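This briefing introduces the architecture of one protein structure for readers who are new to the subject. Please keep the sequence and the three-dimensional view at hand while reading.

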Amino acid sequence: MELNHETKALLKRINKQGRENIAAALGLKLLICIGFFVVWWLLRSYSVDFCLRTLTEEAQEVQGNIYQQVTFAQDHLEMLGDIIEGEDELDSEHVVKILQSDLDMVSRLGIVLPDDQILQSDGTLAQPVNGITFDALAEKGTFITNVEADNLETDRSVLFINVPIEGEGGIRGILFGVINPQDLSDYFEVDIFDGHADIFIVDAQNMEFIMDTLHGQAQSADALQGHKIKNGYSEEQIAHDFANAQGGVTAYFSRSLDEYLYTAYEPVEVNDWFVMLSVPESVVFKEAAYIEKILLLLGIYEAVILIAYFFWDVVHTRKEMRAKEKMATVDLLTNLKNRNAYEEIFAEYALHFPACLSCVYADANGLHELNNSQGHAAGDRMLQTVADAFVASFGKEHVYRIGGDEFLVFAEMDLDSASKKAFAAKEKTQEAGYHVSVGVASGGEDIDAVVKVAEQKMYADKKRYYMEHGDRRKMR
């Protein structure tokens with residue numbers, strides 16, 4: 001490619017200014033990256049560690065409170081069972097009065113009788129609806145259930161504390177206390193992160209939430225599955241900790257909040273229960289006052305750098321932009337409009353298609369072979385000749401070099417006129433010893449379709465040329 005002295009000087013200035021701009025941009029980016037990396041590291045290490053440490057300490061306290069409350073309720077129920085054991089009749093007035101006792105966490109009391117009927121606190125009998133039988137309960141002794149259907153209302157999920165009532169002939173009845181999972185949040189509260197932390201009690205055996213202050217109700221089975229675990233944590237670690245009754249920390253994505261929840265969990269020592277304390281990621285970073293100081297320092301740091309860069313850039317960019325404006329839409333070899341200019345006019349035609357528009361698609365045959373056989377200077381002369389021929393036919397404003405050996409013309413004229421001018425340009429290149437394959441298309445309202453038709457016709461013309469002239473790798 002042969003360039004004139006003015007173009008070479010222009011390129012030299014642009015290259016020099018470009019190198020300066022690149023060096024300055026890289027330096028700026030490096031400084032900003034270092035600043036952000038330091039801030040990121042400080043925020044993550046301080047805020048997350050502070051959050052998880054606080055959650056772990058609070059979870060350990062809550063799990064002890066849960067165990068204490070549940071154990072107290074069970075002990076109280078066992079005490080009532082011992083009193084009832086001294087009664088001759090389980091449906092006596094005294095027993096009924098005992099069933100009306102108020103216990104923390106227990107919403108109602110009852111007795112499952114050997115005939116599977118339920119003695120209620122008002123002295124009436126009811127039939128169980130959850131399928132649990134006296135014999136099945138008697139085999140288990142004293143125990144606390146996980147979430148299951150109520151024995152009087154199957155559409156209601158509750159917890160049961162079951163205590164056998166002994167007699168001389170064996171177990172006479174099963175005293176039970178009903179715990180409503182939704183009421184548990186009244187007994188277990190945390191006062192951290194300005195009240196934004198949520199408490200969960202999960203049964204690790206069947207993976208059900210017994211208590212959930214985030215959603216307000218216990219969730220169905222597999223409640224912990226399907227959540228995206230944050231990088232740095234793993235489902236395998238959670239499964240291992242649950243299987244071995246060990247506490248730990250994790251972070252998972254909450255679809256209801258659309259953000260990650262940082263979580264600490266501890267075993268409760270009641271059945272396979274775990275208590276989990278979670279706080280949203282947005283709260284984690286909002287809580288630490290240290291973050292505000294870091295952000296302030298970051299803002300000052302970036303402001304100083306950007307101001308310095310701004311003044312430098314004003315001086316240098318003006319010179320660079322003046323030079324690049326000329327090169328942005330002009331092909332240096334042929335002085336035609338380049339592909340950038342083509343894409344701009346293409347977008348304009350896509351929005352506002354002229355009433356009459358023709359497209360000429362041209363390809364210089366044998367450029368690659370000519371470059372290989374006679375050198376790139378010969379190939380450049382070929383391209384310049386082709387460019388001059390089409391400029392002579394259509395004018396410089398309408399001709400584009402869109403690829404190495406590809407040219408395109410947009411002309412607001414009918415198909416016959418465009419074809420005649422394209423044929424004239426083709427003949428002119430042949431007179432200079434070269435050959436151009438040409439395709440012409442017009443009409444329609446879709447610029448993309450017009451260009452594609454012209455391109456297809458050009459390829460058909462190229463195929464005819466090589467069929468007539470033999471191996472395409474040979475120049476005439």
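The points below describe sheets, helices and buried positions in turn. The structure is a predicted model. Among its features are an open sheet of five strands and an open sheet of four strands.

**The five-strand sheet**

- The strands of this open sheet follow the order β9-β8-β12-β11-β10, and their pairing is antiparallel.
- The edges are taken by β9 (208-212) and β10 (248-254); each has a single partner strand, so one side of each is left without a neighbour in the sheet.
- From one strand to the next, the twist averages 30 degrees.
- Strand β8 (residues 198-203) is joined to β9 by four bridges, and the two run antiparallel. Within this pair, Val202 stands opposite Phe209 in β9.
- Helix α4 (residues 235-243) packs on the sheet and touches β8, β10, β11 (259-267) and β12 (273-280). The direction of α4 makes about 20 degrees with that of β11.

**The four-strand sheet**

- Here the order is β14-β15-β13-β16, again with antiparallel pairing.
- Strands β14 (399-401) and β16 (436-442) are the edge strands, and each of them pairs on one side only.
- Neighbouring strands of this sheet are turned against each other by 20 degrees on average, direction ignored.
- Strand β13 (residues 358-364) is connected to strand β15 (residues 406-411) by six bridges, in an antiparallel arrangement. In β15, Phe407 is the bridge partner of Ala362.
- Strand β13 also pairs with β16 in the antiparallel sense, over seven bridges. In β16, Val440 is the bridge partner of Val360.
- Although β16 is an edge strand, six of its seven residues are buried, so β16 is largely enclosed by the rest of the structure.

**Helix α7 and its buried side**

- Helix α7 (residues 339-351) lies across β14 and β15, and runs at about 35 degrees to β15.
- The length of α7 can be checked by simple reasoning: at 1.5 Å a residue, its 13 residues should span 18 Å, and the end C-alpha atoms are 19 Å apart, which agrees.
- Which residues of α7 are buried? They are Ala341, Tyr342, Ile345 and Tyr349. These residues cover an arc of only 100 degrees around the axis, which puts them on the same side of α7.
- A general rule helps in reading such a pattern: an α-helix has 3.6 residues a turn, so residues three or four places apart point the same way.
- The cover over the buried residues of α7 includes β14, β15 and α11 (447-469).

**The packing of α8 and α9**

- Helix α8 (residues 367-374) packs with helix α9 (residues 376-394) at an angle of about 145 degrees, and their axes are 6 Å apart.
- From α8, the residues Leu367, Leu370, Asn371 and Gln374 take part; they meet His376, Ala378, Gly379, Met382 and Leu383 in α9.
- Sorted by class, this contact has five nonpolar and four polar residues, and no charged ones.

**Strand β6 and its partners**

- Of the 11 residues of strand β6 (residues 157-167), eight are buried, so β6 is largely enclosed by the rest of the structure.
- Strand β4 (residues 143-144) runs antiparallel to β6 and is joined to it by two bridges. In β6, Asn162 is the bridge partner of Phe143.
- Strand β5 (residues 148-149) is likewise joined to β6 by two bridges and runs antiparallel to it. Ala149 stands opposite Ser157 in β6.
- Strand β7 (residues 170-179) pairs with β6 over nine bridges in the antiparallel sense. Phe160 stands opposite Val178 in β7.
- The connection from β6 to β7 is a hairpin through two residues.

**The position of Leu99**

- Leu99 belongs to helix α2 (residues 93-99).
- Is Leu99 buried or exposed? A residue counts as buried when its relative accessible area is under 20%; Leu99 has 2%, and is therefore buried.
- Beyond its neighbours up to four places away in sequence, Leu99 touches Leu109, Gly110, Ile111, Leu119, Gln120, Ser121 and Leu175.
- Leu175 lies 76 residues from Leu99 along the chain, and their C-alpha atoms are separated by 9.0 Å.

Notes:
Residues numbered from 1 in each chain as written. Predicted model: local features only at pLDDT ≥ 70, side-chain atom pairs only at ≥ 80, totals over all residues. Heavy atoms only, no water. Pairing = 2+ DSSP bridges. Axes fitted to C-alpha atoms, helices over the stretch in contact; angles between N-to-C directions. Contact = heavy atoms within 4.5 Å. Nonpolar A, V, L, I, M, F, W, Y, C, P; charged D, E, K, R; others polar. Expected span 1.5 Å × (residues − 1). Buried < 20%, exposed > 50% of the residue type's maximum accessible area, 1.4 Å probe, protein only. Arc of directions from axis to C-beta.
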